[in-house]
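Here is a quick tour for anyone opening this one up for the first time. Have a look around before reading on.

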Amino acid sequence: MTTTTWADFRTAEPAFADTVRRRFALHRHHVLATLRADGSPRLTGLEVDFWRDEPHLGMMPNSRKALDLRRDPRFCVHANPGPGAEMTDGDVRISGRAVEITDPEVLARFIEERTPPEPFHLFRVEPTEVVRVGLEGGDTIVISTWHPGRPLRTIRRGNDEGTLSEGC
């Protein structure tokens with residue numbers, strides 16, 4: 001799994017990174033997927049905090065999702081789709097590695113700036129994939145995907161078999 005920092009992603013694709021961040025800011029609660037010890041998926045709700053321009057995942061102490069990430073840091077977090085089925089702002093998700101922050105000085109700065117309920121676990125996001133799915137013109141699905149070290153890939157699909165196109 002090739003990971004990178006959010007800053008690297010932002011440098012490579014600043015407009016796409018801003019779009020993803022704005023999408024997560026629309027709602028407070030999102031859906032996190034982690035892996036249980038037996039390898040099966042676990043879905044839970046959580047908040048994504050873009051502290052110091054980098055996504056962080058905060059969790060209650062010894063919550064199942066925190067223990068999952070400590071054992072296997074792979075995750076996917078999906079932005080809350082919001083009400084209705086229009087997908088006005090698109091559908092956004094970030095996959096990658098969650099790195100637990102244990103440095104007391106960093107945690108103290110986070111507490112000072114964010115005042116979270118204590119105690120807590122805090123994980124920094126190292127993205128391996130960032131995806132946005134949206135609608136264009138009402139009937140064309142636009143899928144934009146970014147991976148570390150690769151350019152942004154955009155695919156457009158219509159309802160007809162022959163309407164698949166790819167471009168950057």
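What follows is a walk through the nonpolar cores, the aromatic rings and the salt bridges of this predicted model.

## The main core

Let's start on the inside. In soluble globular proteins, nonpolar side chains tend to be buried together. Here, the largest nonpolar core has 25 residues. Phe24, Leu57, Phe75 and Ile94 are the ones with the most contacts inside it. Plenty of elements chip in: α1 (6–12), α2 (14–25), β2, β3, α3, β4 (74–78), β5 and β6 each give two or more residues to this core. The largest share comes from α2, with four residues.

Which residues does Ile94 touch, once its neighbours within four places in sequence are left aside? Its contacts are Trp6, Val20, Phe24, Phe75, Cys76, Val77, Val125, Pro127, Glu129 and Val130.

## A second core and its ring pair

There is also a second, separate core, made of seven residues, and Ile101, Leu107, Phe110 and Phe120 are among them. If you want a way in, try the rings: Phe110 and Phe120 form a tilted aromatic pair, with 5.7 Å from centre to centre and 45° between the planes. That pair links distant parts of the chain, with Phe110 sitting in helix α4 and Phe120 in the loop between α4 and β6 (121–136), 10 residues apart.

Are these two rings buried or exposed? Phe110 has a relative accessibility of 5%, so it counts as buried. Phe120, at 19%, is buried too; the cut-off for buried is under 20%.

## Aromatic company

How many aromatic pairs does the structure hold? There are seven. One of them is Phe9 with Phe16, an edge-to-face pair with its ring centres 5.9 Å apart and its planes at 85°. Both Phe9 and Phe16 are buried.

Those two residues also belong to a wider group: Trp6, Phe9, Phe16, Phe24, Phe50 and Trp146 form one aromatic cluster. You have met Phe24 already, as one of the residues with the most contacts inside the largest core.

## Salt bridges across the chain

Now for the charged side chains. The structure holds 13 salt bridges. In one of these, Arg52 pairs with Glu113, and the closest N and O atoms are 2.4 Å apart. The partners come from distant parts of the chain: Arg52 is in the loop between β2 (41–51) and β3 (54–59), while Glu113 is in helix α4 (residues 104–114), 61 residues apart. Arg52 has 48% relative accessibility, so it counts as partly exposed. Glu113, at 39%, is partly exposed as well.

Another bridge joins the side chains of Arg70 and Glu100, at 2.8 Å from N to O. Arg70 lies in helix α3 (residues 64–71) and Glu100 in strand β5 (residues 91–100), so this pair ties together parts that are 30 residues apart in sequence. Both ends are partly exposed: Arg70 at 46% relative accessibility, and Glu100 at 23%.

## A buried partner and a network

Arg124 and Glu126 also meet through their side chains in a salt bridge, 3.2 Å from N to O. Glu126 counts as buried because its relative accessibility is 11%.

Last stop: which residues are joined into one network by salt bridges that share partners? They are Arg10, Asp18, Arg21 and Asp53.

Definitions and conventions
Residues numbered from 1 in each chain as written. Predicted model: local features only at pLDDT ≥ 70, side-chain atom pairs only at ≥ 80, totals over all residues. Heavy atoms only, no water. Salt bridge = Lys/Arg side-chain N within 4 Å of Asp/Glu carboxyl O. Buried < 20%, exposed > 50% of the residue type's maximum accessible area, 1.4 Å probe, protein only. Phe/Tyr/Trp six-rings, centres within 6.5 Å; stacked < 30°, edge-to-face > 60°. Core = buried A, V, L, I, M, F, W, Y, C linked by side-chain atoms within 4.5 Å. Contact = heavy atoms within 4.5 Å.
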